[in-house]
Amino acid sequence: MDVHRSFAQVAIWDAGEIADSFRIDMEHDAVVAFGRSLKSDDDVILEATGNTSAIVRLLTPFVNRVVIANPLQVKAIAHARVKTDKVDAKILAQLHAAGFLPEVWAADDDTLHLRRLVSERDATVRSIRRVKSRVQAILHANLVPKYAGHLFGKGGRKWLDKVPLPKSERDLLGRHLDELDWLVHKLEKLEKDLIRISLDDPQARKLMSVAGISSVIATAVIASIGDISRFQTPQKLASYFGLTPRIRQSGERGAIHGRISKQGNATARTMLIEAAWSAASVPGPLRAFFLRIKNRKGANVAAVATARKIANLIWHLLNKDAPYQWARPAFVAMKMRKLELRAGAPKAHGKAGPGRDYWIKELRHREMELVANAEASYAKMVEAWREKPPKPQKN
């Protein structure tokens, strides 16, 4: 099936040739009717598109298997001068019959739901940034000096009410602020749903024990990964996030390592880089790694390298039944309790829970000292490590 927005071109491949070719409408009833016309041992092949999950859900009960193809790799394998819908559908059938079709993992319903929530939150954050930029543009266009504090906090909003503006500009500013309030309220509801999901997910709770990984980052990464067993090595997971460098090598020339590929889920990759910056601000082995790369190649390269290191760490945490070794128990307990309160849990009165330990100065400093020692040990190990043994000195 070569799927488009309103229709799909279908090529029926049987006994090494095209037995039939026709179009079907991309509507619920038409897709179900097409599925009923197929046999239980048929395979359906289509490229990953925006409506792929709905097609897979409707056709799966009628056929042996619904295969999702990677459109970028199919394009690279089957590039042709003549490109039509019929040719594209035929190529998909031929590649699958020959066993050369690059497949994409089909996410389950829970993963799709989580991905939609993460995607909606990301879109809402971008909308908030745009509205804030418009507010700043109004102030700049009317020669209003920059506010010293947080413009969109309580003090900043009171200051905006008193800014001298023409009536038309004042009305426009009011509409932008109303839209901002609505978007912020929407973001709070989305984050509350994501926090509840993360608190109920043992994998997310384990990831949140790593410095720099919040509930939003944990849910975004888990939504992107889906089933961790489909990644055989940590390097393949980092490559899936687009955090591995491009490599070009031909003939006798040595390999050339370029910038990161940036393939895969852009939201999850951005989240991991955000986690890397956060991890670089607190003591621990991750900060030691960040500083080592920063001293050689700069802060931006160090952030990307640390994000790749965190991706490798995530693979080990999700594949092994072991906690994060350098987690700070009191800090993690306090972190979880704050998330529970944000998710709507009632405030508890009486005996203090484990989250209270973080506010005990001795315990907090003891945990900080532990991770600081780990950071120092890592730095000392790297300083003593050499890729090649030192050359012997001549007497």
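Helices H9 and H11 cross in the left-handed sense. In this predicted model, the axes of H9 (residues 215–225) and H11 (residues 266–279) come within 9 Å and cross at roughly 145°. Another helix pair, a sheet of 3 strands with antiparallel pairing and a handful of ring contacts are also worth a look, and the points below take you through them.

**H9 and H11**
- From H9, the residues in the contact are Val-216, Ile-217, Ala-220, Val-221 and Ser-224.
- H11 answers with Ala-268, Met-271, Leu-272, Glu-274 and Ala-275.
- Sorted by class, this contact holds 8 nonpolar residues, 1 polar residue and 1 charged residue.

**H12 and H13**
- Helix H12 (residues 285–297) packs with helix H13 (residues 299–319) at an angle of about 145°, and the axes are 8 Å apart.
- Here the crossing is right-handed.
- On the H12 side you will find Leu-286, Phe-289, Phe-290, Ile-293, Lys-294 and Lys-297.
- Facing them in H13 are Ala-299, Val-301, Ala-302, Ala-303, Ala-305, Thr-306, Lys-309 and Ile-310.
- The residues of this contact comprise 10 nonpolar, 1 polar and 3 charged.

**The sheet and the helix on it**
- The sheet is open, and its 3 strands run in the order S1-S2-S3 with antiparallel pairing.
- Strand S1 (2–3) and strand S3 (17–25) are the edge strands, each pairing on one side only.
- Between strand S2 (residues 7–14) and S3, the antiparallel pairing extends over 8 bridges.
- If you would like one residue pair to look up, Val-10 has Phe-22 in S3 as its bridge partner.
- Helix H4 (residues 85–98) packs on this sheet and touches S1, S2 and S3.
- The direction of H4 makes about 45° with that of S2.

**Rings and charges**
- Across the structure there are 7 aromatic pairs.
- One aromatic cluster is formed by Phe-231, Tyr-240 and Phe-241.
- Arg-23 places its charged end over the ring of Phe-7, 3.9 Å from the ring centre.
- Likewise, the charged end of Arg-364 sits over the ring of Tyr-358, at 5.5 Å from the centre of that ring.

Note on methods: Residues are numbered from 1 along each chain as its sequence is written. This is a predicted model: local features need pLDDT of at least 70, side-chain atom pairs count only at pLDDT 80 or more; totals for chains, interfaces and linings use all residues. Side-chain values use heavy atoms; hydrogens and water are left out. Two strands pair if DSSP finds at least two bridges between them. Helices (H or I, at least four residues) and strands (E, at least two) are DSSP runs, numbered from the N terminus. Contact means heavy atoms within 4.5 Å. Axes are lines fitted to C-alpha atoms, for helices over the stretch in contact, and angles run from 0 to 180 degrees between N-to-C directions. Rings of Phe, Tyr and Trp (its six-membered ring) pair if their centres lie within 6.5 Å; planes under 30 degrees apart count as stacked, over 60 as edge-to-face and the rest as tilted. A charge sits over a ring if NZ of Lys or CZ of Arg is within 6 Å of the ring centre and within 35 degrees of the ring normal. A crossing is left-handed if the near helix is turned anticlockwise from the far one by less than a right angle, and right-handed if clockwise. Ala, Val, Leu, Ile, Met, Phe, Trp, Tyr, Cys and Pro count as nonpolar, Asp, Glu, Lys and Arg as charged, and the others, Gly among them, as polar.
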